[in-house]
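Here is a guided look through this model, taken one region at a time. Keep the structure open beside the text and turn it as you read.

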Amino acid sequence: MTAPPGSACFHCGEPIPAGVRIHARIDSREEPVCCHGCKAVAEFITGAGLDDYYRYRDRAGARADESPRPDRWSAYDRPELVERLTRAESNGARSITVLLEGLRCSACSWLADKALHLQSGVLDVSVNPATARARLVWDPSKVRLGDLLRVLEHVGLRPHPLAGEPAEQIALLERRSALKRLAVAGFGMMQVMMFALPLYVAHTSGMDPGMREFFRLVSMLVSIPVAFYAGWPFYQGAWHALRARSVSMDVPVTLGIVIAFVASVWHALTGHGEVYFDSVTMFVFFLSLGRYVEMVARHRAGSVADALARLAPVTARRVRDDQVEDVQASELQPGDEMLVRTGEVLAADGVVAEDAEGRVDESMLTGESTAIPKHRGSPVHAGTQNLGAPLRVRVAAVAGNTVLAGIVALLERAQAERPRLARAADRAAAWFLSRILVGSALVFVVWWFVEPSQAIPATLAVLVVTCPCALSLATPAVLAAATADLARRGVLVARSDAFEALAKATHVLWDKTGTLTHGLVRVEEVRPLRDEDAARSLALAAALERMSEHPIARAFLAAGATASTASTAADVTVTAGAGLEGSVEGWRLRIGTLDFVRGLSAHAEDAGLTEAAAASWVYLGDESGLLAGFRLADPLRAETGGCVQQLAQLGLASEIVSGDAAAAVARIAARSGIERFEARLTPHAKVARLRVLQDTGAVVVAVGDGINDAPLLQAANVAVAMGRGSALAQTSADLILVRDSLDQLPEIVRISRQAQRIVKQNLAWSIAYNLAALPLAALGLVPAWLAAIGMSLSSVFVVLNATRVTRRTTTMATPRWTDARPAGAA
């Protein structure tokens, strides 16, 4: 069917060319359009449930470009860019964290969530207005990354993938734009107030009517840039919310500004009625000031993750055919070799590929104050700095798969999550917003019949003073500040709900090996049994163990590194589960269990130890008998006793649940100051013990590091994993101690309790403020300018109160994330 002659396009309103037969399907009816571009746009708008656009628009839309052209989001569909910017999730999904420019409140979060979930293939969306970050998880086989970013831009939230664009630059541009608008609002407000003061006393001072009208018209001219330029972000936010059939914090603010400005312009031009230009400029100024303070706090909350992401350099020195070439770090692939010179920062994870005396500063990741020695086979990580000899490193992981990227992803996930209290506050704020709009309409109607001159001022006061911005910010502002503060201390918060549970914790269940202890076997005692002294015995043992890859061998190599005599073993044979036999300087020796070593001698020999004690000793002997005994132990962490004591002072009872032998567990418990312990527990038995405590009403924190601890961590109210623990343990954790030290655990509990106290203060203040302000505004007791100040100050109070959670000091060496800068490229 051809459109009638002279018909206009349903979308853009332009005349439809003769002979064109294109129709868009709108609400089960066919509407004529001028081209395929307008057809696609019209069907997209109605298909997304936004067809109210056509009912309420006051003019036709712009004609769509019919020729397809790539936009800035098309680049994000390239596989190599997706691989670099995103992380792999389970079932083939991908995830990314983006900074959302223009996100100001919980309603904006709802809008982004709703728009994205309309797309097929979106698995999860978490948006946090306190940090302006969103975490997206999607199925790349069903939807492309560029499509998701394009959707966010369509709803007025310009996305910036944090791995692809400098977040610091984005924040700087946002601050500059906000400052310019704030300056216009401030200067406009001061000028309008200068003209308003004479008007306040015009009736009593006998001011000439012509001068009075002059002041009103000049006030109108000065307020125009304030209303249209400085107030533009509020109008944008309200428009995007209404277009998506939602109500954001910007809606009542925009209504208040528009009503006051339009009424004032009408009264100024007609010469009758009151003008409110002073109130309009004060609205915009104080609301903009409050938004600016919130924005600065938001940038500060996200600065730690941004600083972490900047640790890795953008270039590297790749080695191919013994030739060194400078390449982009993104060009490195697993299996490549790179050269890391002294003072340079590693661009990727890998292992040292040749013999070298390297020392790597890992303080930027772990807080470890001393450089770590590195040799062939030692793992090294992106973002760390080589302080020793040049290293050749075989690349094992790049881009989003490095340890550094994993830490950044955990921190960004925590900053993007909305905890339970924040979600509850959002629901309350959304309910309250809808009631504000209804209530303001009722206030206007009542005052119109009682005192018409008070109808507009009272309505404006209700719309502005009761906007629940503070209620929505009460929880996320505190948790964002606490998360950033803990990250600076070397603690990563993987799930922000952990703060609430940790503040109520009553018990701590400890794993032993690798948690209370270092998890590294060491030689703690050397007992010579014949003529050789301790140093000589240790050197002989190290010579044999140098040929083994067993963890016990590393204990001897570390202990014998300072031995004065360096020996080499030959003809070494390994007997599984027993020990090693070989020749050192022509001397036939064995090292291992007591029975194995005595087997080399013609006569049995008693070591003078009980069977239980002998299990923790390793022996060295020759054909004549035993030469020496070495007591092995997994030493207790130096900070363990103090940590347990501080937790006890905070009211947390400690208990060890371990799979080790009872004697070893009892020894560690005694040295740690822990009275209750259970040994020889399977992972299921550990969980059973946890359930017993939880059934009595206990809130339990589980601390572990190994694969066998994962079920316990998963079942606990709060799970804490050690930084060098297994990947499975960290996946199950709410908090990760990156520094691999326990000394921050009591501080985490204190910060969690402080955070909960501040959250309750913020919520109480927000609710009390709104309950008190609403009736006062409705009764006309709150001037419009005071309403703007009150609403802004309530939000500023909440944000500033949230920063108190970080006002604690500590003497520990913390990761230098906030001031880190790569010293070079590698």
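## Charges over rings

Arg181 places its charged end over the ring of Tyr229, with 4.6 Å to the ring centre. Another such arrangement involves Arg590, which lies over the face of Phe596 at 4.5 Å from the centre of the ring. Please keep in mind that this is a predicted model, so every value in this report is computed from predicted coordinates.

## Aromatic pairs

How many aromatic pairs does the structure hold? There are ten. One of them joins Trp617 and Tyr619, a stacked pair with 6.5 Å from centre to centre and 20° between the planes. Both partners are covered: Trp617 has 7% relative accessibility and counts as buried, and Tyr619 is buried as well, with a relative accessible area of 2%.

Trp765 and Phe797 make a tilted pair, because their ring centres are 5.0 Å apart and their planes meet at 50°. Trp765 belongs to helix α28 and Phe797 to helix α29 (residues 784–802), so this pair ties together parts that are 32 residues apart in sequence. Trp765 is partly exposed at 35% relative accessibility, and Phe797 is partly exposed at 37%. If you are looking for a cluster, go to Phe195, Phe214 and Phe215, which are linked by ring pairs.

## The seven-stranded sheet

Follow the strands in the order β17-β29-β28-β27-β18-β25-β26 and you will trace an open sheet of seven strands with mixed pairing. At its edges stand β17 (491–493) and β26 (676–678); each has a single partner strand, so one side of each is left without a neighbour in the sheet. From one strand to the next, the twist averages 20°.

It is worth zooming in on one edge. Strand β25 (residues 653–657) runs parallel to β26, and three bridges join the two. Within this part of the sheet, Val657 stands opposite Glu678 of β26.

## Helix α28 and the nonpolar cores

Which strands does helix α28 (residues 745–778) lie across? They are β17, β18 (507–510), β27 (700–704), β28 (718–722) and β29 (735–737), and the helix runs at about 145° to β29.

In soluble globular proteins, nonpolar side chains tend to be buried together. Here the largest nonpolar core has 47 residues, and Trp510 and Val703 have the most contacts inside it. Helix α28 supplies the largest share of this core, eight residues. Leaving aside residues up to four places away in sequence, Val703 touches Val508, Leu509, Trp510, Asp511, Thr515, Leu713, Val720, Met722, Leu742 and Leu745. A second core, separate from this one, has 46 residues, among them Val192, Tyr276, Val284 and Leu287.

## Enclosed elements

Strand β5 (residues 122–128) has five of its seven residues buried, so the rest of the structure largely encloses this strand. Its partner is strand β6 (residues 133–138): the two pair in the antiparallel sense over six bridges. On this ladder, Asn128 of β5 stands opposite Arg133 in β6.

Is helix α15 (residues 455–465) mostly covered or mostly open? It is mostly covered, with eleven of its eleven residues buried. The buried residues of α15 include Pro457 and Thr459, alongside nonpolar ones such as Ile456, Leu460 and Val464.

## Positive phi away from glycine

Two residues deserve a look at their backbone. Asp571 is not a glycine, yet its phi is positive, at about 55°. This residue is placed in strand β20 (residues 569–575). Its relative accessibility is 61%, over the 50% cut-off, so Asp571 counts as exposed.

Glu585 is the other one, with a positive phi near 55° in a residue other than glycine. Glu585 is found in a loop, the one between β21 (579–584) and β22 (587–592). Its relative accessibility of 53% means that Glu585 also counts as exposed.

Terms used. Residues numbered from 1 in each chain as written. Predicted model: local features only at pLDDT ≥ 70, side-chain atom pairs only at ≥ 80, totals over all residues. Heavy atoms only, no water. Pairing = 2+ DSSP bridges. Helix = DSSP H or I, 4+ residues; strand = E, 2+ residues; numbered from the N terminus. Axes fitted to C-alpha atoms, helices over the stretch in contact; angles between N-to-C directions. Contact = heavy atoms within 4.5 Å. Buried < 20%, exposed > 50% of the residue type's maximum accessible area, 1.4 Å probe, protein only. Phe/Tyr/Trp six-rings, centres within 6.5 Å; stacked < 30°, edge-to-face > 60°. Lys NZ or Arg CZ within 6 Å of the ring centre and 35° of its normal. Core = buried A, V, L, I, M, F, W, Y, C linked by side-chain atoms within 4.5 Å.
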